Structures are given as C-alpha cells and as structure tokens.
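This report addresses the contact between two chains, the packing of helices within one of them, and the symmetry that relates the copies.

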There are 2 protein chains.
Amino acid sequence: MEHINRLLGNAIAKHRKNIGFSQEELAEKAAIHRTYVSQLERGLKSPTVFTLLQIAHALNITLTALMEEVEKKL
Amino acid sequence: MEHINRLLGNAIAKHRKNIGFSQEELAEKAAIHRTYVSQLERGLKSPTVFTLLQIAHALNITLTALMEEVEKKL
C-alpha cells in the first residue's frame, strides 16, 4: 500500500495510544468500525478527508497537525 | 454533503485556477478522472488522503498548507 497510508496509520496509532484509547474507543468516538481503525493503523486503507477529520476530532488534534506530522516524513 | 468537502473543493478550485490549469489538466497531472475533479470541486466527494496528496503535488502545494487553509474555515 502507499507510503503515505502507512505513515498516517503510524501517526493515528501513536496519538491513539498517547490519549489512552483502545481501537474500539477510537472507533466509537469517530463513528467508524473497529476493524477499519485496525486497517488504517496498518496502512491498508486510505481514509477520506471527512473520515480523517472525525478521527482527528476524536483524538483531540487538528487535521493540519496530523498532516504536517505525516508529510514531513514523506 | 459534508461542510469540509465543500471547503476542500473550493480550495482545490482556487489553487487550480491560480496555477492556470483546466480541470482536465489537473486530472491528468493527478492521475484521476476529470469528472472526479469536477465532483471534488463541488464538494460532492471526499477524496482519500492518497488522492489528495496526488492533487496537492499536481497543484504544487503541500497537503499541510491545503488542510490548514480548509480547517481554519471549518
């Protein structure tokens, strides 16, 4: 899968653990399925911008900060 | 459709016009279909992060700058 998806998945997992959420908790807060969180974190899916906004809100970070973190590693 | 998609579509259209590209030219550079560019610009679709990266590269802007521009209007 594409490099950006893996970097984004790593960043989502890092922020999820920082905030002390399980994948189930993130899924519930972001209104997505738990298996989708797992796939995202492994870089197997590329979320839409709308879904990513829901995830960023659930993790209490901005989309901009999340993108910056990912893009500087590209 | 979701508010962020409309804001993102507006931002993509603005940058496309700034750089002097037609929708066809952006589509070709970003390796996506022209009708998809039209749908994105009207906020009818939410692109994946991977597709958005291709669009940002085609428009010679960063994903981070594009997200910042959109998010500050949310």
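## Basis of the contact

Two residues are taken to be in contact if their C-beta atoms, placed from the backbone, lie within 7 Å. The model described here is predicted.

## Interface between chains A and B

Chain B and chain A each enter the contact, with 17 residues from chain B and 17 residues from chain A. On the side of chain B that touches chain A, the elements giving two or more residues are helix H1 (3-19), helix H4 (49-58) and helix H5 (63-71) of chain B. The most is given by H5(B), with five residues. By class, this side of chain B comprises nine nonpolar, five polar and three charged residues.

## Packing of H1(B) against H5(B)

H1(B) and H5(B) also pack against each other, at an angle of about 125° and with axes 9 Å apart. H1(B) is therefore oblique to H5(B). Their crossing is right-handed.

From H1(B), the residues Ile4(B), Leu7(B), Leu8(B) and Ala11(B) meet Leu66(B), Glu69(B) and Val70(B) of H5(B). This contact of H1(B) with H5(B) has six nonpolar residues, one charged residue and no polar residues.

## Symmetry of the two copies

Chain B is superposed on chain A by a rotation of 180° with 0.0 Å of shift along the axis, with an RMSD of 0.0 Å. This is the relation of a two-fold axis. Both copies use the same surface, since 100% of the contact residues of chain B recur in chain A. Among the residues of chain B, Thr48(B) comes closest to the rotation axis, its C-alpha lying at 1.9 Å.

Notes: Residues numbered from 1 in each chain as written. Chains lettered and ligands numbered in written order. Predicted model: local features only at pLDDT ≥ 70, side-chain atom pairs only at ≥ 80, totals over all residues. Helix = DSSP H or I, 4+ residues; strand = E, 2+ residues; numbered from the N terminus. Nonpolar A, V, L, I, M, F, W, Y, C, P; charged D, E, K, R; others polar. Axes fitted to C-alpha atoms, helices over the stretch in contact; angles between N-to-C directions. Parallel < 35°, antiparallel > 145°, perpendicular 65-115°, else oblique. Left-handed = near helix turned anticlockwise from the far one by under 90°. Least-squares fit on C-alpha atoms with pLDDT ≥ 70 in both.
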